[in-house]
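Colleague: Could you take me closely through a single part of this model, choosing one helix and following what surrounds it? I would like a connected account rather than a list.

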Amino acid sequence: MSFLADKNHLLEEKRQQIMEWFVTKRAEVTLPIYGSVDIRDADWKVAVVDANHFPAGFNNISKEDEPLLSKLLREHIHKINKGCTWVHLYPESHTRNPAYAENVVTIKRLLETGGFRCTVGSPELNGHGSIDTLSFPLKLVDVETIDDGLLIDGEKPCLILLNNDLTSGLVPGLGLQQVSPPPKMGWHVRRKSEHYRALQPYADEMAELLGIDSWHIMCDWFVSEDKCLDRESCRIELAAEIDVFLDKIRNRYAEQNIDREPVVFVKNDRGTYGLGILVLSSGDELLHLSNRKMKKLLYSKGGADVENFLIQEGVPTALKTDEGHPVEPVVYLVDGEAASWFYRINDNKGDLDNLNTPSSYFQTFSEVGDIYGHRAHGWHALISELSMLAMGKEADMRESYSNISL
């Protein structure tokens, strides 16, 4: 029996304590309006391996989940903006991607189901009129920027809902108007490692409550900073750091009687969409990367320079399709609550590979049925909701940094 299955009873036995713990912790942070996490479940470990403040895959959620998502959005918005009636959705500019555009359509539908008027547009998209989605053309409104916000037809929306990860920097019109998620959480300033620094104390506390080692609910990681990988000296230094880290994971495996060789994921410490990710089993592999793979590692959305790398324990996935293809859960959350699951599947990859590539596809929870149900509403929900607490902590910490700098 796997570790997670063996300890599954703890989630039920301590349900009331867990719920009370979350109530206390959620009251201490500013919960994000929404977020998404990628999860790896190895039977002996379950961990969030990526966390996004600006989720762009609402088009993959199940129709059955929409009422709950809509309800949670409405409740969150009314908590932060009592009396709000009009939400303006500020999307990415790459709306020629029909799947992303369908994501925007889905968010708009969720908001309108919640009773809000919802408009869509940005200064970058002015003049487009509409965008093509997977289902129908979506009307865009022209947006005017002013010193303290945005105007649509000369009027200010009650709330701007940001669905733009700001990799390339701040965009016009996000001044003094209420914006959620806050622009300070965009990838122009945020780092992936900040999330894990915020998450670790929550994982430690939850593990103590459950009576387990927090290693089982969080991946190991470290950050290698200021690595100019166009220089051999930087590559040698990073390779040595990777080997030390792999030895640490190897020792842990020996303690846990895990019979496999460890790998690490090397990621750009900022950015999204699976860009700039490599899987390595030794530092020597880094030193002998082909030019193509080195360019991949240094590539980032928006062309931003890559110098800081998140080195993350590679957690294999034990979840497979009937055909043996690897499966990775993706959880969508609103107001801190795990509200929708779907599953990333990649027939061309192995259980330790990055599955977020063009060959991946998705199945909803309802399509998968009960195969992963006990996981989804147990360990997967638990660690994803811990991740939302960490996202809120990140935002609050960044606010305090801003205040100090002022």
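Modeller: A cavity, as the word is used here, is a set of grid points where a 1.4 Å probe fits but cannot get out. By this rule the model, which is predicted, holds three cavities of 30 Å³ or more, and the largest cavity, with about 50 Å³ of space, leads to the helix I would choose, α6. The lining of this cavity is made up of Val 49, Asp 50, Ala 51, Trp 187, Arg 190, Lys 192, His 195 and Tyr 196, and both β2 (46–52) and α6 supply at least two residues of it.

Helix α6 itself runs over residues 192–210, and its 19 residues reach 27 Å from the first C-alpha to the last, close to the 27 Å expected at 1.5 Å a residue. The helix nevertheless has a kink of about 30 degrees at Leu 199, shortly before the proline Pro 201. Among the buried residues of α6 are Lys 192, His 195 and Tyr 196, which also line the largest cavity; further along, the buried set includes Leu 199, Tyr 202, Ala 203, Met 206, Ala 207, Leu 209 and Leu 210. Just after the helix, Gly 211 takes a positive phi of about 80 degrees.

From the end of α6 one can pass into the largest nonpolar core, which has 77 residues and in which Leu 210 and Ile 217 are those with the most contacts. The largest share of this core, ten residues, comes from helix α11 (residues 373–405). If residues up to four places away in sequence are not counted, Ile 217 touches Ala 203, Met 206 and Ala 207, and its other partners are Val 46, Ala 47, Ile 212, Trp 379, Ile 383 and Leu 386. Apart from this core lies another, of 32 residues, among them Ile 107, Leu 110, Val 120 and Leu 161.

Helix α11 also takes part in the second largest pocket, where α2 (8–13), α3 (15–26), β16 (337–346) and α11 each supply at least two residues of the lining. About 560 Å³ of space lies in that pocket, and of the 22 residues that line it, Arg 15, His 377, Gly 378, Ala 381 and Glu 385 are the closest to its centre.

How values were computed. Residues numbered from 1 in each chain as written. Predicted model: local features only at pLDDT ≥ 70, side-chain atom pairs only at ≥ 80, totals over all residues. Heavy atoms only, no water. Helix = DSSP H or I, 4+ residues; strand = E, 2+ residues; numbered from the N terminus. Expected span 1.5 Å × (residues − 1). Bend = angle between axes of the 7 residues up to and from the residue. Buried < 20%, exposed > 50% of the residue type's maximum accessible area, 1.4 Å probe, protein only. Core = buried A, V, L, I, M, F, W, Y, C linked by side-chain atoms within 4.5 Å. Contact = heavy atoms within 4.5 Å. 1 Å grid on protein atoms, 1.4 Å probe; cavity = no way out; pocket = protein on both sides within 12 Å on 5 of 7 lines; lining within 4 Å. Points joined across faces, edges and corners; volume = space filled by probe spheres on them.
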